[in-house]
Amino acid sequence: MTAPATPPVRTPDPRALDAAVAALTSEDLAGIVDLVAYPVSAEGEPAVVVARHDGAVRLTADGAHDVLFGRDPVAHTDPLAFLPYDAEIAEPSPPNHANAYPDPGRRLLSFFADPGRSPDIAVVHTPRHFFPETGGHRGEHGSLDVIQSRAPFLVSGAGVLPDGVVRDHARTVDVAPTLLHAAGVDVDQQLDAGGLPLDGVARTDLVTGGAGRFVIGLLWDGAHCSDLLHLAAAGELPGIARLLAGGVALAGGAVAEFPSVTLCNHTSLLTGVGPGRHGVLGNVYYDRELGRRIVPNDETTWHRSADWLRPGVATVFETLAAARPGSRTACINEAVDRGADVSTMALIRASSELRGSGGLDAAMPPAESSAYLSDVAHLADKYYRWATRVDDAGLMQAQAAWASVAEAPRLMWWSHVVTDAGHHAGGPRSGIARDSFRDADRRLQAFLDHLDRLGVTDDVTFLLTADHGFESADESVTGSWAPSLEAALAPLSIPYRDEGPGFVYLGDA
Ligand SMILES: [Zn+2]
């Protein structure tokens, strides 16, 4: 079912690649660099090498691990690692030898498959690395590892059995096909616009297709899967508990595409393909064809998401409209909105101020008067303050889209931001992260109450997910690989860029 990964088109100068990999895998950097990955060709087949100072492995699409020397740095691939949750709490932010990296070959091959945008080398931070000087926080994500890659996956309502939490996992690329299946679209016809099968599959084992009149996808950005389920079980998240009482959640959640960052995975969630096909490689990347840096995950650029999508990619909104003409769709506070009938980003595109999402600032309610805020002290965090306003505005838009059953969208997708803000600010299990869950849950309860008043809740299939997980950095583990990389490449007079940082492009100034 999976489309073949295409080999990288360009090969970097081998001297530069060797020098950069040697520098980045130096034992001196092992506290901050977990893995270094780069694409190679193995007898004409695309492959990826994953290296550390104490070992390297070559991965191919068939799942093979060919150890090149030392020990395999991604030997453990169990997507259900660190479950039950006590196991994660007992060893948070683990070192490489104790960590797990689900599906490393397929995910890395997709990451390196875009000929114009994939870097030559990916540098993966250790979970403990604290790098505020280049945008890092107490809570971070982006790694290939299981906890940063573990988003929740919960389905509920029409067509779903009330099985509770089960030992299973999905992938973020499975979300689009599962939403389409829930909306009654034939799974076998779920191809991209270029006629290729999607990378993800519909979870037909969890949801009966077309069982409800309506489908609602909820994205809680950066929601830590196990802590979400833990708080729901403890009675702290009544909205989630209500969905769970009428549905099923996968303990292993949805494994994010690599890198486990926001825009890469929002795009995978809503298109069903990995970054090598949709082209949104990260929150920032370099486009060699355009000769410039692209920053898709920014307040000023979200509304332009359609600009970055590669040809052949279709959003769930486009696929549903093609399969079931006349089906209305709504897309709230989500960048990847192409084809939706009602969309926040469309309002921003239409706004005369032409300042991107910032242009709607005046239309958002003030944070201080939010009815959903656990603790006004959290508003001292600028991101949390903004997220509170965005999510309150999101609830208003969702309720407006659902003003009546007659006008209701067949498929609505609603992204929430506050969970990402809370987890970045304090890391998983911190007071502010848990309050961000409570805030999001109050908005969910308000929306479920709204559906109850319309008398339509039982006719809705819900899917709640996220784009990535989170781990806590250790504020004593600091430093940068930039000086080592610079020192290794300067003698060769080969220019390079390190975007992110972590996406290394050799030969590009
Ligand atoms: Zn995110």
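**Exercise 1. Burial at two zinc donors**

Task: In this predicted model, decide whether D221 and T262 are buried or exposed, then work out what sits around the zinc ion.

Solution:
- Step 1. Start with burial: D221 is buried, and T262 is too. The cut-off to apply here is under 20% relative accessible area.
- Step 2. Now collect the protein donors of the zinc ion: D221 through OD, T262 through OG1, D467 through OD and H468 through NE2. They lie 1.9 to 2.1 Å from the ion.
- Step 3. Write out the spacing along the sequence, and you get D-x40-T-x204-D-H.
- Step 4. Place D221 and T262 on the chain. D221 sits in the loop between β11 (214-220) and α5 (225-233), while T262 belongs to helix α7 (residues 262-271). With their positions 41 residues apart, the pair links distant parts of the chain.

**Exercise 2. Naming the zinc geometry**

Task: Why is the arrangement of the four donor atoms around the zinc ion irregular?

Solution:
- Step 1. Recall the reference value: four tetrahedral donors would ideally give 109.5 degrees.
- Step 2. Pull the angles from the model: the four donor atoms subtend 95 to 136°.
- Step 3. Test the range. To count as tetrahedral, all angles must lie between 85 and 135 degrees. The upper end here is 136°, so the arrangement gets labelled irregular.

**Exercise 3. A glutamate and a helix**

Task: Where is E257 placed, and which residues of helix α3 are buried?

Solution:
- Step 1. Find E257: it is in the loop between β13 (254-255) and α7.
- Step 2. Check its accessibility. E257 has 0% relative accessibility, so it counts as buried.
- Step 3. List its contacts, skipping neighbours within four places in sequence: R106, R107, S110, T172, V173, C264, N265, S268, G274 and P275.
- Step 4. Turn to α3 (residues 104-111). Its buried residues are P104, G105, R106, R107, L108, L109, S110 and F111. That's eight of the eight, so the helix is largely enclosed by the rest of the structure.

**Exercise 4. Nonpolar cores**

Task: Which residues have the most contacts inside the largest nonpolar core?

Solution:
- Step 1. Size it up: the largest nonpolar core has 114 residues.
- Step 2. Pick out the hubs. W402 and M412 have the most contacts inside this core.
- Step 3. Look around W402. Leaving out residues up to four places away in sequence, W402 touches F214, I216, A408, P409, M412, F447, H450, L451, L454, V456 and V460.
- Step 4. Don't stop there: a second, separate core has 25 residues, among them V49, L485, A488 and L489.

**Exercise 5. The seven-stranded sheet**

Task: What is the strand order of the open sheet of seven strands, and how does β1 pair within it?

Solution:
- Step 1. Read across the sheet: β4-β3-β2-β1-β5-β22-β21, with antiparallel pairing.
- Step 2. Mark the edges. β4 (65-70) and β21 (496-499) each pair on one side only.
- Step 3. Add the twist, which averages 20° from one strand to the next.
- Step 4. Zoom in on β1 (residues 33-42). Four antiparallel bridges join β1 to β5 (residues 121-125), with L35 standing opposite V124. Seven bridges, also antiparallel, connect β1 to β2 (residues 45-52), and there S41 has P46 as its bridge partner.
- Step 5. Inspect the β1-β2 hairpin: two residues lie between the strands, and E43 takes a positive phi near 50°.
- Step 6. Check burial of β1. Eight of its ten residues are buried, so the strand is largely enclosed by the rest of the structure.
- Step 7. Finish at β21. Four bridges join β21 to the antiparallel strand β22 (residues 503-506), where D498 stands opposite V504. Helix α14 (residues 482-489) lies across β21 and β22, at about 165° to β21.

**Exercise 6. A histidine in a loop**

Task: Where is H76 placed, and which residues does H76 touch?

Solution:
- Step 1. H76 is in the loop between β4 and α2 (86-90).
- Step 2. Its relative accessible area is 44%, so H76 is partly exposed.
- Step 3. Not counting residues up to four places away in sequence, H76 touches H97, N99, A100 and Y101.
- Step 4. For a distance check, take D145, 69 residues from H76 along the chain: their C-alpha atoms are separated by 9.8 Å.

Definitions and conventions:
Residues numbered from 1 in each chain as written. Predicted model: local features only at pLDDT ≥ 70, side-chain atom pairs only at ≥ 80, totals over all residues. Heavy atoms only, no water. Buried < 20%, exposed > 50% of the residue type's maximum accessible area, 1.4 Å probe, protein only. Donors = N, O, S within 2.8 Å, 3.2 Å for Na, K, Ca; no water. Tetrahedral: all angles 85-135°; square planar, octahedral: opposite > 155°, others 65-115°. Contact = heavy atoms within 4.5 Å. Core = buried A, V, L, I, M, F, W, Y, C linked by side-chain atoms within 4.5 Å. Pairing = 2+ DSSP bridges. Axes fitted to C-alpha atoms, helices over the stretch in contact; angles between N-to-C directions.
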